[in-house]
Amino acid sequence: MAVLLSVLVWLTLGYVTSRFAIQRGRDPVIWFGLGMLGGIFALAALFIMPAVDEEENKQEQAEPVSEIENKYSELEEAEWFYLGVDDIQKGPVDYEDLLLAWADGVVKEKTYVWREGMADWLHVEKVDSLLDKLKLDQKNVE
């Protein structure tokens with residue numbers, strides 16, 4: 001019975017700590033674990049630490065955008081090869097030429113493409129971010 005009571009106390013402290021962590025702008029999963037392990041000390045530490053302000057949260061949310069921009073810039077800087085009609089290899093072409101071939105319907109979602117750094121030829125739709133980038137840029141070309 002004492003073991004069950006101890007487990008319930010640990011879970012309760014973890015839950016309470018995680019709820020307060022949300023209010024203070026902290027990660028509730030991490031603070032749940034800290035609350036279970038540290039008990040009242042983790043809860044006290046949560047209130048001693050300054051609350052995370054919205055500016056820090058905005059910076060954390062902005063980081064993935066820069067990752068997407070980096071992927072897009074890698075796509076634009078690469079020399080591409082693609083399999084055209086009758087599986088004839090075309091390239092190397094820069095991204096702008098690949099985009100024009102996409103806009104003209106020569107390159108499609110199931111067209112195989114390759115660039116340096118890729119292990120094998122893949123369909124456009126299987127290359128990370130390429131399909132999204134082509135569709136986005138096609139609107140700008142038209």
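Ser18 lies in helix 1, and this residue offers a convenient entry into the structure, which is a predicted model. Ser18 is buried, with a relative accessible area of 4%; the term applies because buried means under 20% relative accessible area. Leaving aside residues up to four places away in sequence, Ser18 touches Pro28, Trp31 and Phe32. Trp31 illustrates how the fold brings separate parts of the sequence together: Ser18 and Trp31 are 13 residues apart in sequence, and their C-alpha atoms are 5.2 Å apart in space. Within its own surroundings, the side chain of Ser18 also reaches the backbone oxygen of Tyr15, at 2.8 Å.

The helix that carries Ser18 may now be considered as a whole. Helix 1 comprises residues 2–23, a total of 22 residues. From its first C-alpha to its last, helix 1 reaches 32 Å, close to the 32 Å expected at 1.5 Å a residue. Which residues of helix 1 are buried? They are Gly14, Thr17, Ser18 and Ala21. Seen down the axis of helix 1, these buried residues fall within an arc of 100 degrees, so they line one face of the helix. On the other side of helix 1, Ala2, Leu4, Leu5 and Gln23 are exposed. The buried residues of helix 1 pack against helix 2, residues 28–38, and helix 3, residues 40–48.

The connections between these helices come next. Helix 1 is followed by Gly25, which has a positive phi, near 80 degrees. At the start of helix 2, a side-chain oxygen of Asp27 reaches to within 3.1 Å of the backbone nitrogen of Val29. Helix 2 is in turn followed by Gly39, whose phi is also positive, near 60 degrees.

A view of the entire chain places these helices in context. The chain contains six helices and four strands. Along the sequence, these elements follow the pattern α-α-α-α-β-β-α-β-β-α. Of the 142 residues in the chain, 28% are buried. Among contacts with a separation of 6 or more, 46% are between residues 24 or more positions apart.

The strands form the next part of the picture. Strands of a sheet pair through backbone hydrogen bonds, either parallel or antiparallel. Here, four strands form an open sheet in the order 2-1-3-4, with antiparallel pairing. Strand 2, residues 89–93, and strand 4, residues 122–123, stand at the edges, each with a single partner strand, so one side of each is left without a neighbour in the sheet.

The individual pairings can be followed across the sheet. Strand 1 and strand 2 run antiparallel and are joined by three bridges. In this pairing, Tyr82 stands opposite Lys90 in strand 2. The two strands form a hairpin with five residues between them, in which Asp86 takes a positive phi near 55 degrees. Three bridges also join strand 1, residues 80–83, to strand 3, residues 112–115, and these strands run antiparallel. Three bridge partners in strand 3 can be named: Arg115 for Trp80, Trp114 for Phe81, and Val113 for Tyr82. Tyr82 therefore has a partner in each direction, since it stands opposite Lys90 in strand 2 and is bridged to Val113 in strand 3, where strands count as paired if DSSP finds at least two bridges between them.

Helix 5, residues 95–103, packs on this sheet and touches strand 1 and strand 2. The direction of helix 5 makes about 25 degrees with that of strand 1. In strand 3, Val113 and Arg115 belong to a covered face, whereas Tyr112 and Trp114 belong to an uncovered one.

Strand 3 also pairs with strand 4, in the antiparallel sense, over two bridges. Tyr112 stands opposite His123 in strand 4. Strand 3 and strand 4 form a hairpin with six residues between them, and Gly117 in the turn has a positive phi of about 100 degrees.

Beyond the sheet, the chain leads to a second serine. Where is Ser129 placed? Ser129 is in the loop between strand 4 and helix 6, residues 130–141. Ser129 is buried, with a relative accessible area of 16%. Not counting residues up to four places away in sequence, Ser129 touches Lys71, Tyr72 and Leu75. The account thus ends with a buried serine in a loop, having begun with a buried serine in a helix.

Note on methods. Residues numbered from 1 in each chain as written. Predicted model: local features only at pLDDT ≥ 70, side-chain atom pairs only at ≥ 80, totals over all residues. Heavy atoms only, no water. Expected span 1.5 Å × (residues − 1). Buried < 20%, exposed > 50% of the residue type's maximum accessible area, 1.4 Å probe, protein only. Arc of directions from axis to C-beta. Contact = heavy atoms within 4.5 Å. Polar contact = N/O pair within 3.5 Å; in protein donor to acceptor, adjacent residues only side chain to side chain. Axes fitted to C-alpha atoms, helices over the stretch in contact; angles between N-to-C directions.
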